[in-house]
Each structure stands twice: as C-alpha cells, then as structure tokens.
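Let's take a walk through this fold, one sheet at a time. Have a look at the sequence and the model before reading on.

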Amino acid sequence: MENQLLEIIKLSKSYLGHQVFSELDLQFSQQKYCIVGENGCGKTTLLLLAAGLEPACSGEILIDKKPVTDKAVRFDIGISSDRIVLPEFLTSKQLLDFHCQQFCCPFPEELIKALHFAKQLTKPIKGLSLGSLKKISLLLALCHQPKYLLLDEPTTGLDKLSREWLLAYLQRYNGCLIVTSHEACFIDNSHYRQINLLQLGDND
Ligand SMILES: Nc1ncnc2c1ncn2[C@@H]1O[C@H](COP(=O)(O)OP(=O)(O)OP(=O)(O)O)[C@@H](O)[C@H]1O
C-alpha cells in the first residue's frame, strides 16, 4: 500500500454551543491508533468527522491530500459506529447487497462466516439484537477493504468468538486503523498508538 495520510487540521466542533474540539490538529498514517478519553470527550464525534459524516464548524480533514468531502475518497473509508443509524426496514442482506453495489465489492461471505452472522441475514435490521447490530455495522465497514478503517468501540457487545476473531483480523489489517475504545485489548496493546483526546483538546 502506498503512503497514507489522514490529516485533521485546526478542526473545531460544537454542538448547540458546547465546544467539543477547538483547533484540533492530528495526523494518522498507515498504523494502528486507539483514541482514548473519558465519556463525552469527543471520540465518536472525531471518527464521524474524519469519515465526512458529521460537518465541522471550521478546519479541514484531508485524506491523502484530498478533502474528505471528495466523492472518490469515500471509497477509501470504512466506518462502524453505533451513532450511525441503519435503515431499520431493510434486512441485513438487502443492506449489504446495496452497500456492495455502491462500493463495487463482492458480497462478504467470508466475513459473515467469521462473525457467525449467516442466520441474521434475512432478519430486518429492526429486529436485530445489540450484538448483531454491531456485527452488521462492522460488516459494512470492513467489506470493501478500505484503506482507512474507523471503528467506534468495535468489540462492545460482541460474543467471545466474534471478539477474538475481530481482534486477530485487526491485528493483520494493513491500512490506517483508528479505533475508539475503553477496553484493555486496545489500550494495553503495544501495536496501537494511544491518542488521548483530553490531553489534546480544549474540553471542559
Ligand atoms: N448530535 C449531538 N447533539 C448534541 N450534542 C452532541 C451530539 N453528539 C454528541 N454530542 C455531545 O458531544 C460530546 C462528545 O460526544 P461523543 O459521543 O463524541 O463522546 P465520546 O468520547 O465518544 O463518548 P463515550 O466514551 O461516552 O462514547 C458530548 O458532550 C455529547 O453529549
């Protein structure tokens, strides 16, 4: 893989007058990162901004020197977050079919097998358990093999086997991986560079 760079430049974000970041500067290359910090410090918000799913108040987000809003860049990003609302009226299979069509990738048979998700495919998203919702969210993030993989608390709610499989998969992942987590499997893992948002930002 060629050199990769996700740049966050003087990024500011507020919600209803509450400032989450002020002029945040960060760079992510082809490595593994774990964003840490106490509840509410802005970890999920940062991932959504970095994926171009949340508007910034000011600042820039560049993926390989192109703005994250550039349509072509979207194909390089995979994101999983419980804050991303999935269409409840579709089945998981319909959602994955649509996603694979949009991202021009094959249906992720192997990933489905690894996450023991086959039986859930024909169920509407509305009826999925929390762990199954996490799995469909992960499948959507992983299936097009993005260069930038952004995972918000990826192990939360997963059963033991799926969790073990995911950790091993991420260990082998060769692109830029950014996870947010409160879990020791990432925080105490020397393969992940820790980024403490509270030490960087102007949070109150
Ligand atoms: N859509 C929204 N509207 C208003 N405030 C929001 C919204 N989304 C997030 N916030 C606020 O922004 C701040 C950062 O939230 P965020 O979810 O990014 O934190 P976090 O670090 O991921 O938290 P946690 O560890 O609990 O998951 C919080 O104060 C939260 O209440």
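Which strands does helix H4 lie across? Keep in mind that we're looking at a predicted model. Helix H4, residues 130-142, lies across S6 and strand S7 (148-152), and it runs at about 170° to S6.

Those two strands belong to an open sheet of five, and if you trace the order you get S6-S7-S8-S3-S9, with parallel pairing. At the edges you'll find strand S6 (77-80) and strand S9 (192-196); each has a single partner strand, so one side of each is left without a neighbour in the sheet. On average, neighbouring strands here are turned by 15° against each other, ignoring direction.

Now zoom in on one pair from that sheet. Strand S3 (residues 32-36) and strand S8 (residues 176-180) are joined in the parallel sense over four bridges. If you want a spot to click on, try Lys32, which stands opposite Leu177 in S8.

On to the other sheet. Four strands make up this open one, in the order S2-S1-S4-S5, and here the pairing is antiparallel. The edges are taken by strand S2 (18-28) and strand S5 (66-67), each with a single partner strand, so one side of each has no neighbour in the sheet. S2 runs antiparallel to strand S1 (residues 6-15), and seven bridges join the two. Within that pairing, Leu6 has Phe28 in S2 as its bridge partner.

This sheet has a helix packed on it as well: H1 (residues 43-50) touches S1, S2 and strand S4 (58-63). The direction of H1 makes about 125° with that of S1.

Notes:
Residues are numbered from 1 along each chain as its sequence is written. This is a predicted model: local features need pLDDT of at least 70, side-chain atom pairs count only at pLDDT 80 or more; totals for chains, interfaces and linings use all residues. Two strands pair if DSSP finds at least two bridges between them. Axes are lines fitted to C-alpha atoms, for helices over the stretch in contact, and angles run from 0 to 180 degrees between N-to-C directions. Two residues are in contact if their C-beta atoms, placed from the backbone, lie within 7 Å.
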